[in-house]
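Please look at the sequence and the structure shown below. The paragraphs that follow lead from the whole chain to its sheet, its helices and a few individual residues.

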Amino acid sequence: MKRRAFITGITGQTGSYLAELLLAKDYEVFGLIRRTSGHGTSRIDAFKDRLYLIPGDLTDQGSISRALKICHPDEIYNMASQSHVAVSFEAPLHTADVTGLGALRLFEMVRQVCPKARIYQASSSEQFGNARVSPQTEETPFNPVSPYGVAKTFAHFCAKVYRQAYHSFIACGIAFNHESPRRGEEFVTRKITIAVAEIKHKLRQELELGNLDSFRDWSHAVDVAHGAWLTLQHETPEDFIFASGVSHSVREFCQAAFEKAGLNYDSYVKINDALMRPTEVSRLLGNSAKAKRLLGWIPTVSFDALIQEMVEHDLASVEHSLSSSVAG
């Protein structure tokens, strides 16, 4: 009998890669999908006919219960959240409701409906905030500095409470920044690679950004999705960090992305103070030694290869759009 997996946030970047991975492993894959999802199903359209999509929302406890009763999952991956840090300052209550309370609603409904199911909670490096220890490990104290980081920290500690109080199998994957061509266009990495493609084709003249000197540990979303699956195959529910172990600045990302298209970023990137966040995490760097030792997890895509893939994707997308316009 096939194993059944239930993914919240299945239409998102990492959720879509995870769905592909599970299908390749012969799972029956169910996904919770909001009727008003901003991105629709574009990321899963290529294999949507092999999925079972159930309407629901993490802000609606009844819909979570209904979805669990429909799919009776063996494994649950909570990848859904309001995950944009800047937006969390603009919509803190919504962020808390979806990212924080949404996880708690899910944990409680699983406890009531399918208590033997294993749960993966997608935690975030933003929970560390401006950590006093570098690199960060699973034992580094959390110090979030954004509503998003606070909401993720709440969900993370709820997972620990349910693990201890009810013996729920809830494991947390603390993923550092992870990107891909499927990254939302509102995130800085896609803003950069889309701008590179449009500038290359003379559709715009500059790119406005905020802080170029914040450092992040970037991996590919496909590697994080693989880590999530490995986490639920482990015999006990534990917390694991998924990171490349190398930190780069936004400036370095910019420079590399423009160079891939034969451009000099200095000629096109402008600083806009209005894009600065009220508080900023200056540097994040993850230590994935535990995941490597206990799960055998190894990141497969380098920083350079990640940027190459994203730039090539957005260049091809702009070229296709231009050729379609000409043909039309």
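The secondary structure of the protein chain consists of 10 helices and 13 strands. Helices (H or I, at least four residues) and strands (E, at least two) are DSSP runs, numbered from the N terminus. The radius of gyration, taken over C-alpha atoms, is compared here with a globule rule of 2.2 Å times the number of residues to the power 0.38. For the protein chain the radius is 20 Å, close to the 20 Å that the rule gives for 328 residues, so the chain is as compact as a globular protein of that length. Along the principal axes, the C-alpha atoms fill a box of roughly 55 × 50 × 40 Å.

The model is predicted: local features need pLDDT of at least 70 and side-chain atom pairs count only at pLDDT 80 or more, while totals for chains, interfaces and linings use all residues. Residues are numbered from 1 along each chain as its sequence is written, and side-chain values use heavy atoms, with hydrogens and water left out.

Burial is described by relative accessible area: buried means under 20%, exposed over 50%, and partly exposed in between (1.4 Å probe, protein chains only). Of the 328 residues of the protein chain, 52% count as buried. A contact means heavy atoms within 4.5 Å. Among the contacts in the protein chain with a separation of 6 or more, 78% come from residues 24 or more positions apart.

Next comes the sheet. Two strands pair if DSSP finds at least two bridges between them. An open sheet of 7 strands, with parallel pairing, follows the order E3-E2-E1-E4-E5-E6-E11. At its edges stand strand E3 (52-55) and strand E11 (239-242), each of which pairs on one side only. From one strand to the next, the twist averages 20 degrees. Within this order, strand E4 (residues 75-78) and strand E5 (residues 118-124) pair in the parallel sense over 4 bridges, and Glu75 stands opposite Arg118 in E5.

Which helices accompany these strands? Angles run from 0 to 180 degrees between N-to-C directions, and axes are lines fitted to C-alpha atoms, for helices over the stretch in contact. Helix H2 (residues 61-71) lies across strand E1 (4-8), strand E2 (28-33), E3 and E4, and runs at about 155 degrees to E3. Helix H7 (residues 221-233) packs on the sheet, where H7 touches E4, E5, strand E6 (169-175) and E11; the direction of H7 makes about 140 degrees with that of E4.

Some backbone details deserve attention. Most residues other than glycine have a negative phi, and most peptide bonds are trans. A cis peptide bond, with omega of about 0 degrees, joins Ser134 and Pro135; Pro135 is placed in the loop between E5 and helix H5 (147-165). Asp26 is not a glycine, yet has a positive phi of about 70 degrees. This residue, Asp26, lies in the loop between helix H1 (13-24) and E2 and is partly exposed, with a relative accessible area of 46%. His72, also not a glycine, has a positive phi near 45 degrees. The loop between H2 and E4 holds His72, which counts as exposed at 53% relative accessibility.

How many disulfides does the structure hold? A disulfide is a pair of cysteine sulfur atoms within 2.5 Å, and the structure holds 0. The sulfur of Cys172 is 10.0 Å from the closest cysteine sulfur, in Cys158, which is too far for a bond. Cys172 is buried, with a relative accessible area of 0%, and Cys254 counts as buried at 0% relative accessibility.
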